[in-house]
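Biologist: Before I trust any of these labels, I'd like to hear the reasoning behind them. Can we go through them one at a time?

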Amino acid sequence: MAKGRQLISLLYPFFLAALVLNCHGYEQQRKAHVVYMGDLPKGDASVASTHHNMLVEVLGSSSLAKESLLHSYGRSFNGFVARLSDEEVARIADMEGVVSVFPNTKVQLHTTRSWDFMSFPEPPMGSYEGDVIIGMLDTGIWPESASFRDEGFGPPPAKWKGICQTENNFTCNNKIIGARFYDTDNLADPLRDTKSPRDTLGHGSHTASTAAGRAVENASYYGIASGVARGGVPNARLAVYKVCWGGGCSPADILAAFDDAIADGVDILSISLGSEMPAAYNKEPVAIGSFHAMKNGILTSCSAGNKGPYRRQISNYAPWALTVAASTIDRSFVTKVVLGNGQTILGTSLNNFHLDGTSFPLVYSGDAANITSAMSPDIAGICFPGTLSTLKTRGAVVLCNILSDSSGAFSAEAVGLIMASPFDEIAFAFPVPAVVISYDDRLKLIDYIRTTEYPTATILSTETTTDVMAPTVVSFSSRGPNPISPDILKPDVTAPGSNILAAWSPRGLSSVWVFDDRQVDYYIISGTSMSCPHVTGAAAYIKATHPTWSAAAIKSALMTTATIMDPRKNEDAEFAYGSGHINPLKAVDPGLVFDASEADYVDFLCKQGYNTTHLRMITGDSSVCPSNEPGKAWDLNYPSFGLSLLDGEPVQASYLRTVTNVGSPNSTYHSNITMPPSFAVLVEPPVLTFSEVGEKKSFKVIITGSPIVQVPVISGAIEWTDGNHVVRTPIAVFNNKPYVFAPLDDYPGKKNSHPFQGSTIYHQNGIFDAVKF
């Protein structure tokens, strides 16, 4: 059993596996580090030579410096990646102009009815969104997919300054207008990856087509979910930055992609990946990269992560980035198990196999232990390869105690597989007839087997049904509160991320089994990786409508117009769904926006305890903190209100906000407060009157109440209405302890390098590992 799992791991390393550096003859202690130097120097045309000279000074020779230097950033910010020992890191960190040095640890991928579910129609060809360029940081793209055809497209917008790297027969077109790939740490899997922007895993093609794929009729996964697959903005352009491989995603490559994307001229960035552990903003690559994007007017849409339903596990929590949770749509997949006594058990999967209603012997795996190989009934219940006796399982439907990749069924020559799991939102695909049922139903099946002389069962093909409870936040979606700045509510919004059909790479896996050699052009998968590009597409739609809006204004529009979620179906409330479910059509006309500039975020960072040195690690410029006195995040002009309290701490907080009128020139907005009676919320002034578009008005919010103890969250909201618009900002009051594992001077990622092992997309984004136990 262990040998089989090790073999799979060796053949197809998981994205979450430990970072193994290929040192190319270097001493073992030399590892890749990112040396961040902030903004580009004025008038310096060759930062690469500067980086080389710095390494010569530290390493002692030009040849060693050349071999050590892996990448130079020099288009949007200044820095480089080099293989350095601990002693060399210390020396280079003390050099003039260096603002931070941190290890190049790995990050993880977070992997069409959904747009119709949001009542967002397909825009006509030739609409203004064709001038919007979406930058995708992911596993690349499959350019031959019908989702990325360019019929009817003109040449790229004049602002585009990027390139198309055409290695290994990769081509761009007027839809995919640019493509680059990065692999400073040789993370490419030689068995699966191609050294080009081509996607061989599927994840990047899926996210890109979700955001901006062309309409493709009769798309399906082996007939399941058949219909029109399309992205939110099918006329937008795509720029692809391949930063993830079979061996992982490198922070050095992510920063390089941010550097290029900003200089290339993208309008929106989409990044469905994130760090494994919380880190201070000055040590987190997505936080640093998205800060520079924000400085250039580019909003970065990020996935929240797949570590739910546990609290404070959220990724990509920087306030200048948009953090997206995952929720269901009104389509679900049901796979039925029919027993020999006529009873039907409902489960879920993506089962395209047809057993034609034929019943087969039903065997409980715990009764089929491979005694010869010393397997106990408990071990056999897991159904790993080699644990089952083929004499008992050949030609049978096997019931297993947990969710697995079905490899045990293959090795045991079973005709079908029934597995138990506590999670039922996700439909997995398997290479054999298979279904996932609840633990309660598993007990019913065991009882049927025990009380029936000849128990039989069959597994029917998957049916599509309507989920009347949608949208609800899925269990795997990472929850808040924000681990670094708890007064900044995260996630910001939620969007469809469960069982999403979108384009796939024919070289990607077509089920959860690593050796499934079938090929598909469209695949159904779940994750915040899937919800993120939905928001990316919506943000691109707003950018096309309002090309001069800042990143913060676009983010505000999406948050304040979001559809309110039902807390009775989502007990984590704002920590699950943020402001609510995105509504792209409403977001283009929000009425008011909460804008924020670089200076606002600098002030926020200073109040969060960042001194001038730490601050410059993020901003890369000469920003200065006027005071080292820490403060709350209450005055950052954010479209939500968070109040993090220790047990028994007095409930007393004051927030200052400024809104900009983007609606009618002459309008008056009245405030309306929703809050439990044990709290008092004062809005001053309660009425805001505007006489022109672009006018700004400020107001103060004061929250008071009795101390609370061990309270997960108390929800409220402030709504501003003018008769045409409703501008809603959520309030969350909760008990919380400060997160102590992300110091400003350390990088916790280096202490957590072995979180998961696996090889399919569900393993790579963490979902499959989370749900099988």
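**Labels and the reasons for them**

Modeller: Sure. The protein chain has 20 helices and 36 strands, and keep in mind that this is a predicted model.

Biologist: How many residues of the protein chain count as buried, as a percentage?

Modeller: Of its 773 residues, 64% do. The chain exposes about 27,100 Å², and carbon and sulfur atoms supply 53% of that.

Biologist: Take T194, then. Why is T194 called buried?

Modeller: The cut-off for buried is under 20% relative accessible area. T194 comes out at 11%, so it counts as buried.

Biologist: Where does T194 lie, and what is it in contact with?

Modeller: T194 is in the loop between β7 (176-181) and α6 (203-212). Leaving aside neighbours within four places in sequence, T194 is in contact with N168, T200, K242, W245 and R507. A contact needs heavy atoms within 4.5 Å.

Biologist: And what makes H614 buried?

Modeller: The reasoning runs the same way: the relative accessible area of H614 is 8% and the limit is 20%, so H614 is buried. H614 sits in helix α18 (residues 612-619). Its C-alpha is 9.7 Å from that of C625, with the two positions 11 residues apart in sequence numbering.

Biologist: On to helix packing. How do you know that α8 and α17 meet?

Modeller: From their contacts: F291, M294 and K295 in α8 meet E598, Y601, V602 and L605 in α17. These residues divide into 5 nonpolar, no polar and 2 charged. Helix α8 (residues 285-295) and helix α17 (residues 598-607) pack at an angle of about 145°, with their axes 10 Å apart.

Biologist: Which residues of α17 are buried, and what covers them?

Modeller: The buried ones are Y601, V602, F604, L605 and C606. Their cover includes α8, α14 (551-560) and α18. After α17 comes G609, with a positive phi near 100°.

Biologist: L605 again! What makes a set of residues a nonpolar core?

Modeller: The members must be buried residues of the nonpolar kinds listed for a core, joined through side-chain atoms within 4.5 Å. The largest such core here has 93 residues, and I134, Y281, W320, L558 and L605 touch the most other members. Helix α13 (residues 528-545) gives the largest share, 8 residues.

Biologist: What does I134 touch?

Modeller: Not counting residues up to four places away in sequence, its contacts include A211, A212, V233, L238, I268, T536 and A540. Apart from the largest core lies another one of 37 residues, among them V34, A252, A257 and V266.

Biologist: Now the sheet with β1 to β4. Why are β2 and β4 called edge strands?

Modeller: The order of this open sheet of 4 strands is β2-β3-β1-β4, with antiparallel pairing. β2 (69-73) and β4 (100-103) each have a single partner strand, so one side of each has no neighbour in the sheet. The twist from one strand to the next averages 20°.

Biologist: How do you know that β2 and β3 pair?

Modeller: Pairing takes at least two bridges. β2 and β3 (residues 78-84) are joined by 4 and run antiparallel, so they pass that test. One detail is that Y73 has G79 in β3 as its bridge partner.

Biologist: And what lies across that sheet?

Modeller: Helix α7 (residues 251-264) lies across β1 (31-38), β2, β3 and β4, at about 30° to β2.

Note on methods:
Residues are numbered from 1 along each chain as its sequence is written. This is a predicted model: local features need pLDDT of at least 70, side-chain atom pairs count only at pLDDT 80 or more; totals for chains, interfaces and linings use all residues. Side-chain values use heavy atoms; hydrogens and water are left out. Helices (H or I, at least four residues) and strands (E, at least two) are DSSP runs, numbered from the N terminus. Buried means under 20% relative accessible area, exposed over 50%, partly exposed in between (1.4 Å probe, protein chains only). Axes are lines fitted to C-alpha atoms, for helices over the stretch in contact, and angles run from 0 to 180 degrees between N-to-C directions. Ala, Val, Leu, Ile, Met, Phe, Trp, Tyr, Cys and Pro count as nonpolar, Asp, Glu, Lys and Arg as charged, and the others, Gly among them, as polar. Accessible areas come from the Shrake-Rupley method with a 1.4 Å probe; for residues, only the protein chains shown count as cover.
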